[in-house]
Amino acid sequence: FRKLLLATGIAAALLAPVVAATSASAQEVKTRIIRFGYGLSESSNQGRAVKYFAEELSKRSGGKFKMKGFGDASLGNDIQMQNALIGGAQEMMVGSTATLVGIVKDFGVYDLPFLFNNEKEADAVLDGPFGEKLLKALNDKGLVGLVYWENGFRNLTNSKRPITKLEDMGGIKLRVMQNPVYIDMFNRFGANAVPLAFSELFTALETGTVDGQENPVTTIQSSKFYEVQKYLTISRHVYSPWIVLASKRWYDGLSADEKKIVHEAAAASREFERKDSREASAQSVAYLKEKGMQINELSPAELDRMREMVKPAFDKYAADGGAEILKEIQAAIAAARK
Ligand code: TK8
């Protein structure tokens, strides 16, 4: 009987290449259940892009890749999900690059204030060799960085007072992401930076545990922060990327064909997400105004003062081991500006 099994096995093995040659994709793509976690709501720009990504994966795999999105941090906050991916308990996620600093410290470089002037520069750096290099750095840590999505330029909200000049930030308890660059930046601005997971933010604002926070206008809209925040200051102090991650354990078990589907669908999702987020962002300010937020811009002179004030943050970042990566990103940005 064993011999027979062996013989059938050999026969199958001999046949396999022939079958594979005639219908490679059908042979190399298995049914896969993919749990994809994210922090924002289903109706957010993040939620829409997750849905699009799921559809692309399904289309490109002939319906075999069944990706289910879990929004509102229902699988955990960014850091918890990263660990679930590393352990192999979850397949994919999207989150902020800022929360990856515990795994690859160099990701903190994106968080330095006023680095990018516009989205075009950000796209060029993120999608170019610099961004690619940081994605690759995740491979040793149990993660696969697929693509960057846009979270966007971050703006300040608070419940205390309009912020029209630097001094207005004084003493404001401001929630920041769990990242040393943010903590340093806002303490320099005179605020009292409180690191907190995004999933705890709405309640913290509602109960007054913190007075304010900073996020792109799309998030201020989709997370309904206008219900608990009166003042919005368009400061654009940091361009914040999101990053789509896969579990390396899971990814390593995929066939070459399956990996190709994952990468192609991810690339398509990036194009969709950026376009969609930019369109949504253009509508958000009017929406937030209608919801009763008092909105102001910062004058160019005030922005210059802020830039001046946080300059030492760059020196501190360099001194803390970031000198090399900082030089590299500045060179990449300079190249993008040409
Ligand atoms: C969502 C977060 C969010 C980020 C933050 O999980 O934490 O403020 O901007 O988008 O990644």
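1. A quick term before the contacts: a polar contact here is a pair of N or O atoms within 3.5 Å. By that rule, an oxygen of the ligand pairs with an N or O atom in the side chain of Asn215 at 2.7 Å. Two more ligand oxygen contacts go to side-chain N or O atoms, of Arg154 at 2.9 Å and of Trp242 at 2.9 Å.

2. Housekeeping: this is a predicted model, where local features need pLDDT of at least 70, side-chain atom pairs count only at pLDDT 80 or more, and totals for chains, interfaces and linings use all residues. Numbering runs from 1 along each chain as its sequence is written, and side-chain values use heavy atoms, with hydrogens and water left out.

3. The shell around the ligand (residues with a heavy atom within 4 Å) includes Gly39, Leu40, Asn151 and Asp78. It splits into 4 nonpolar, 4 polar and 3 charged residues, with Gly counted as polar.

4. Domain 1 (30-151 + 240-283) and domain 2 (155-239 + 290-307) both supply shell residues, so the ligand lies between them. Those bounds come from an automatic or database domain assignment.

5. Now the cavity, meaning a set of points on a 1 Å grid over the protein atoms alone where a 1.4 Å probe fits but cannot get out. The whole structure has 1 cavity of 30 Å³ or more. The largest cavity holds about 230 Å³ of space, a volume filled by probe spheres set on the points. Asp78, Ser96, Arg175, Met177 and Phe198 lie nearest its centre.

Methods:
A polar contact is a pair of N or O atoms within 3.5 Å; within protein, one must be able to donate a hydrogen and the other to accept it, and residues adjacent in sequence count only if both atoms are side-chain atoms. On a 1 Å grid over the protein atoms alone, a cavity is a set of points where a 1.4 Å probe fits but cannot get out, and a pocket is an open set with protein on both sides within 12 Å along at least five of seven lines; lining residues have an atom within 4 Å of a point.
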